[in-house]
Amino acid sequence: MAATIGVAALLSATLTSCQKDQQAAPVTKSTVASNSMAVVNATNSLAATYTTAAPISYYSKSNITISGLSISGGGNCIALYNCTNVHITNCRLADAAAYGIMLNNCKNITVDNCFITNVKSGVHVYQGSTIKVNSNQFLNMLGPFPDGCFVQFAGVSGGGNQINNNKCEDIPGVGHPQDVLSLYQSTGLQGASIQVIGNWIRGGQVQPDSGGAAGIVIGDDR
């Protein structure tokens with residue numbers, strides 16, 4: 001599997017740069033640590049202001065940028081189908097019935113500097129390539145199983161795929177989170193592994209109706 005997925009060796013070398021904070025005091029709905037994203041949910045990397053917008057669904061679009069939007073509600077905040085060369089940046093995505101961002105069979109998509117909260121899963125990618133999910137903030141994935149991931153690659157392949165430098169937190173008791181970062185049936189290339197580098201992770205507790213809640217998971221049931 002290590003030869004085909006092109007990520008196991010990379011993870012062994014890079015997971016030291018990922019942090020799972022187990023020494024912090026427990027966080028509840030009423031008591032939030034000062035460095036929690038419930039307090040620090042906007043940084044210099046995120047937009048200072050947003051333009052309110054309705055949920056977005058694009059089919060077979062290319063060479064576009066989605067920037068500076070605040071989208072709440074709907075099925076998915078942003079859904080792209082068969083799209084290429086799209087940049088999603090500096091958006092606030094919240095309170096969707098399904099995903100913050102759903103990518104279906106898309107190529108060369110970058111998601112960065114976004115804040116995503118109170119959705120089933122943050123970024124869900126199905127059968128794509130050259131997908132970069134970098135430098136975002138995620139708070140409270142609601143699930144339940146099989147959803148509940150901050151980022152899930154399912155059937156992603158090829159080179160240039162990244163999940164880097166994201167800040168991810170589930171506050172206990174808010175939702176039904178699952179694996180924080182999930183690579184399911186996803187494969188990199190020799191010399192172009194899937195990158196999972198520099199992510200900050202806290203929370204991800206197991207619920208009675210949960211399939212589990214690991215920090216980073218490589219799964220291949222083929």
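In this predicted model, His-124 keeps company with residues well outside its own stretch of sequence: setting aside neighbours within four places, His-124 is in contact with Tyr-99, Ile-101, Met-102, Leu-103 and Gln-152. One of these partners, Gln-152, also meets His-124 through a polar contact, side chain to side chain, at 3.4 Å. His-124 itself sits in strand β12, which spans residues 121-126. With a relative accessible area of 12%, His-124 falls under the 20% cut-off and therefore counts as buried.

Turning to the nonpolar interior, the largest core takes in 39 residues. Within that core, Leu-80, Ile-88 and Phe-153 have the most contacts. Phe-153 can be followed in some detail. Leaving out residues up to four places away in sequence, Phe-153 touches Val-125, Ile-131 and Val-133, then Asn-161, Gln-162 and Ile-163, and further along the chain Ser-182, Leu-183, Tyr-184, Ser-186 and Ile-194. Another core, of five residues, lies apart from the largest one, and its members include Ala-79, Tyr-81, Ala-98 and Met-102. Met-102 has already come up, as one of the contacts of His-124. Such grouping fits a broader pattern, since nonpolar side chains in soluble globular proteins tend to be buried together.

As for the sheet architecture, six strands form an open sheet in the order β4-β7-β10-β13-β16-β19, and their pairing is parallel. The edge positions go to β4 (62-67) and β19 (195-197); each has a single partner strand, so one side of each is left without a neighbour in the sheet. From one strand to the next, the twist averages 5°. At the β4 end, the pairing with β7 (residues 84-89) is parallel and runs over five bridges. Here Ile-66 stands opposite Ile-88 in β7. Ile-88 thus turns up twice, being also among the residues with the most contacts inside the largest core.

Zooming out to the chain as a whole, its 222 residues include 50% that are buried. The secondary structure consists of two helices and 21 strands. Of the contacts with a separation of 6 or more, 57% link residues 24 or more positions apart. The accessible surface of the chain comes to about 9400 Å², and carbon and sulfur atoms account for 50% of that area.

Terms used:
Residues are numbered from 1 along each chain as its sequence is written. This is a predicted model: local features need pLDDT of at least 70, side-chain atom pairs count only at pLDDT 80 or more; totals for chains, interfaces and linings use all residues. Side-chain values use heavy atoms; hydrogens and water are left out. Helices (H or I, at least four residues) and strands (E, at least two) are DSSP runs, numbered from the N terminus. Buried means under 20% relative accessible area, exposed over 50%, partly exposed in between (1.4 Å probe, protein chains only). A polar contact is a pair of N or O atoms within 3.5 Å; within protein, one must be able to donate a hydrogen and the other to accept it, and residues adjacent in sequence count only if both atoms are side-chain atoms. Contact means heavy atoms within 4.5 Å. A nonpolar core is a set of buried Ala, Val, Leu, Ile, Met, Phe, Trp, Tyr and Cys residues joined through side-chain atoms within 4.5 Å. Two strands pair if DSSP finds at least two bridges between them. Axes are lines fitted to C-alpha atoms, for helices over the stretch in contact, and angles run from 0 to 180 degrees between N-to-C directions. Accessible areas come from the Shrake-Rupley method with a 1.4 Å probe; for residues, only the protein chains shown count as cover.
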